[in-house]
Amino acid sequence: MDEMQLFLEIHQNMPRQGPGNTASTLKALKLCAGLPSAPRVLDVGCGPGMQTMDLAQALDGPITGVDFFTQYVEELQKNIEKEGMADRVTAMQGDMEALFFPPASFDLIWSEGAIYIMGFEKGIHSWSPLLAPGGYLAVTEATWLKSEPPARVKQFWDEGYPLMKNIEGNLDIIQACGGEIIGHFVLPESAWWDHYYGPLEKRLEILEEKWADNPAGQEVLAMERTEIDLFKNYSDYYGYVFYVARFG
Ligand code: SAM
C-alpha cells in the first residue's frame, strides 16, 4: 500500500475528516442572512459530509457535496440514504481545482477544512464566480492565532502549509477577491476533538498494533500522532477560523 492508501485506511468511516462541529456550522450559517428560501448549496471537500447533512437539515434547497476521494463520496452517500434525503442532497466525485459548474450556479458555497488544499486565495478566487450575485462563501481555514510560534510548530506548518496566514491576512485576501466580510470566528477546541482527533486517536491505537510489522504504516501513523501531539501542546498558536463573506 502506498502512503495515500494507508492514510485513507486510517481515515475511513470517521465522522469527520477535519475539525468542525454542528454548532460552528450553524453559527456560520446564521451569518448568511437573506438567503433565498431554497438556496442552492455547494459543499467543497465535503468528506463524509457531517456539515453537508447539517446544512441539509437547516435549509430547504438542493445541496451538492463534492470530494476528490470516492471513499468519502460513498460515505456521504450512505449518510444521505440513512437520512432519506436523496431527493435534495447529492454526493459527487470531483476536483475542487476543476469544478465544472456554470457561473452563478449557487447561492452558498461551503467548505470546512478543505480550501487549504488549493490555498485560501486561489480557492476564493476560483470558487467565488460560481456564486450568484449576493451569494455567500463560508469556509474554515487553518490560521495563525498568535505570532512567533515555537520552532516545532512553525516547522510543521511551514512544511505542511507554508501559505498559512493570520486572521487579518485572510480577511485581506477575501476583500482583495471582491468579498464583503460578514463575520469570522475561531472554532472551539472541542471542534477538533469530538469528531476528529478523538476518534482518530482511538483508530491509531488499533492500527499501531495491527501494523506492528508494517514500517510504511508505522511511519504514517507516527505522522498522525505528531500532528495530534502538536495540537495538544500548542493549540493557542493556531486554529481553524470560520470566514463568512458575501460576493457581488
Ligand atoms: N469537510 C470535511 C470535514 O470537515 O469533515 C472534510 C475535510 S478534510 C480536512 C479535506 C477534504 O478535502 C477531504 O475529504 C479530502 O478528500 C478532500 N479533498 C482533497 N483534495 C481534494 C480535491 N482536489 N478536490 C476535492 N476534494 C478534495
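This report covers the ligand site of a predicted model and then turns to one glycine, G169.

## Where the ligand sits

The ligand occupies the largest pocket. Around the ligand are 18 residues. Those that come nearest are Q17, G45, D67, M96 and E112.

The shell is mixed in class. Seven of its residues are nonpolar and seven are polar. Four more are charged.

## Polar contacts and burial

Three contacts deserve a look. Q17 and M96, both listed with the nearest residues, take part through their backbones. A polar backbone atom of Q17 is 2.8 Å from an oxygen atom of the ligand. In M96, a backbone N or O atom lies 2.8 Å from a ligand nitrogen atom.

D95 takes part through its side chain. An N or O atom there is 2.9 Å from a nitrogen atom of the ligand. How much of the ligand does the protein bury? Taken alone, the ligand exposes 590 Å², and the protein buries 91% of that.

## A glycine in helix α7

G169 belongs to helix α7, which spans residues 167-176. Is G169 buried or exposed? G169 has a relative accessible area of 16%. The cut-off for buried is under 20%, so G169 counts as buried.

G169 can also be placed against G94. The two residues are 75 apart along the chain. Their C-alpha atoms are separated by 29 Å.

Conventions:
Residues are numbered from 1 along each chain as its sequence is written. This is a predicted model: local features need pLDDT of at least 70, side-chain atom pairs count only at pLDDT 80 or more; totals for chains, interfaces and linings use all residues. Side-chain values use heavy atoms; hydrogens and water are left out. A residue is near a molecule or strand if one of its heavy atoms lies within 4 Å of it. A polar contact is a pair of N or O atoms within 3.5 Å; within protein, one must be able to donate a hydrogen and the other to accept it, and residues adjacent in sequence count only if both atoms are side-chain atoms. Accessible areas come from the Shrake-Rupley method with a 1.4 Å probe; for residues, only the protein chains shown count as cover. On a 1 Å grid over the protein atoms alone, a cavity is a set of points where a 1.4 Å probe fits but cannot get out, and a pocket is an open set with protein on both sides within 12 Å along at least five of seven lines; lining residues have an atom within 4 Å of a point. A molecule sits in a cavity or pocket if more than half of its atoms lie within 2 Å of its grid points. Ala, Val, Leu, Ile, Met, Phe, Trp, Tyr, Cys and Pro count as nonpolar, Asp, Glu, Lys and Arg as charged, and the others, Gly among them, as polar. Helices (H or I, at least four residues) and strands (E, at least two) are DSSP runs, numbered from the N terminus. Buried means under 20% relative accessible area, exposed over 50%, partly exposed in between (1.4 Å probe, protein chains only).
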